[in-house]
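Hi everyone, and thanks for making time for this one. I'd like to walk you through a structure that is probably new to most of you, so let's put it up on the screen.

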Amino acid sequence: MSDPMKKRHMSDGTAAPMEELEPPELRYFDFAGKGQSIRLAFALGGRRLKDTRLSRKEFEELRSAGELPFGQLPVLDIPGTGRVAQSGAILRLVGKWTGLYPSDPLEACKVDMLLDLEGDLMQPVLLTVQDPVRHGLPADLAWGAGEEAGQRRRALLAPQGPLTRRLRQLEEALRRFGFG
């Protein structure tokens, strides 16, 4: 019996294996960021992906046109289905399509814990490069520019800094889960 997670429904109600369909299209910027884990999941899962790298101008055009579900990237366009957003949701979807995401609920929970930790790791970094007001946060969370921003970034990765602490927690979780 074939795996139903590896099939997608066509417009006529029939299902076709993912391998036979046009590949999904990832839209993200031309750097690693939140898109890289999605690219890697497709590669590790042995599935094709159309990887579209957007310029800032192209992103702004999509956002202004209301083409991005939450006004941000990454998004994944699934032929015959539509567009989905949020990197964690996309990763879970790709994991289910490719068999990388566990079917056992407890094992899936462990994966979800690590995906959620990734968000905790990224948030302070994003505040060093993005305008907090854009994310609905107070303006006084802005990290400044130039040397001030550089000092704050270095503090994040100092031996007792918050990112260093979180990275240690990640290493410990990976060991506990049998990955290291």
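Let's start with a single residue, K57. This lysine is exposed, with a relative accessible area of 61%. A quick reminder before we go on: what you are looking at is a predicted model, so every value I quote is computed from it.

What does the side chain of K57 meet? It meets the side chain of E61 in a salt bridge, at 3.8 Å from N to O. As a general point, side chains of opposite charge can pair when their charged atoms come close. Both K57 and E61 sit in helix α2, 4 residues apart, which is about one turn of the helix. E61 counts as partly exposed, at 45% relative accessibility, whereas K57 is exposed.

Now let's step back to the whole protein. It has 6 helices and 6 strands. If you follow the chain from the N terminus, the elements run β-β-β-α-β-α-β-β-α-α-α-α. There are 180 residues, and 31% of them count as buried. The accessible surface comes to about 11,000 Å², with 57% of that belonging to carbon and sulfur atoms. And among contacts between residues at least 6 apart in sequence, 49% join residues at least 24 apart.

Back to the charged pairs. How many salt bridges does the structure hold? The count is 16. We have seen one inside a helix, so here is one between two helices: D112 pairs with R92, and their closest N and O atoms are 2.8 Å apart. D112 belongs to helix α4 and R92 to helix α3, so this salt bridge ties together parts that are 20 residues apart in sequence.

Another pair is R53 and D30, whose side chains meet at 3.2 Å, N to O. Here R53 is in strand β4, residues 50-54, while D30 is in the loop between β3 and α1, so the pair links parts 23 residues apart in sequence. Is each partner buried or exposed? R53 is partly exposed, with a relative accessible area of 36%, and D30 counts as exposed at 57%.

There is also a group to look for on the screen: E25, R27, E67, D77 and R83 are linked in a network of salt bridges.

Next, the pocket. The largest one has a volume of about 1,500 Å³. It is lined by 46 residues, and the closest to its centre are K34, S37, S87, L91 and E118. Which element gives the most to this lining? That is α4, with 12 residues. At least two lining residues each come from β3 (25-29), α1 (33-44), α2 (56-64), α3 (87-98) and α4 (105-127). So helix α2, where we met K57 and E61, turns up here as well. By type, the lining divides into 25 nonpolar, 12 polar and 9 charged residues.

One last stop, further along the chain. R153 lies in helix α5, residues 146-156, and is partly exposed, with a relative accessible area of 34%. How far apart are R153 and V125 in space? Their C-alpha atoms are 7.3 Å apart, although the two residues are 28 apart in sequence.

That's the tour. Thanks for listening, and I'm happy to go back to any part of it.

Definitions and conventions: Residues are numbered from 1 along each chain as its sequence is written. This is a predicted model: local features need pLDDT of at least 70, side-chain atom pairs count only at pLDDT 80 or more; totals for chains, interfaces and linings use all residues. Side-chain values use heavy atoms; hydrogens and water are left out. On a 1 Å grid over the protein atoms alone, a cavity is a set of points where a 1.4 Å probe fits but cannot get out, and a pocket is an open set with protein on both sides within 12 Å along at least five of seven lines; lining residues have an atom within 4 Å of a point. Grid points are joined across faces, edges and corners, and a volume is the space filled by probe spheres set on the points. Ala, Val, Leu, Ile, Met, Phe, Trp, Tyr, Cys and Pro count as nonpolar, Asp, Glu, Lys and Arg as charged, and the others, Gly among them, as polar. A salt bridge is a side-chain nitrogen of Lys or Arg within 4 Å of a carboxyl oxygen of Asp or Glu. Buried means under 20% relative accessible area, exposed over 50%, partly exposed in between (1.4 Å probe, protein chains only). Contact means heavy atoms within 4.5 Å. Accessible areas come from the Shrake-Rupley method with a 1.4 Å probe; for residues, only the protein chains shown count as cover.
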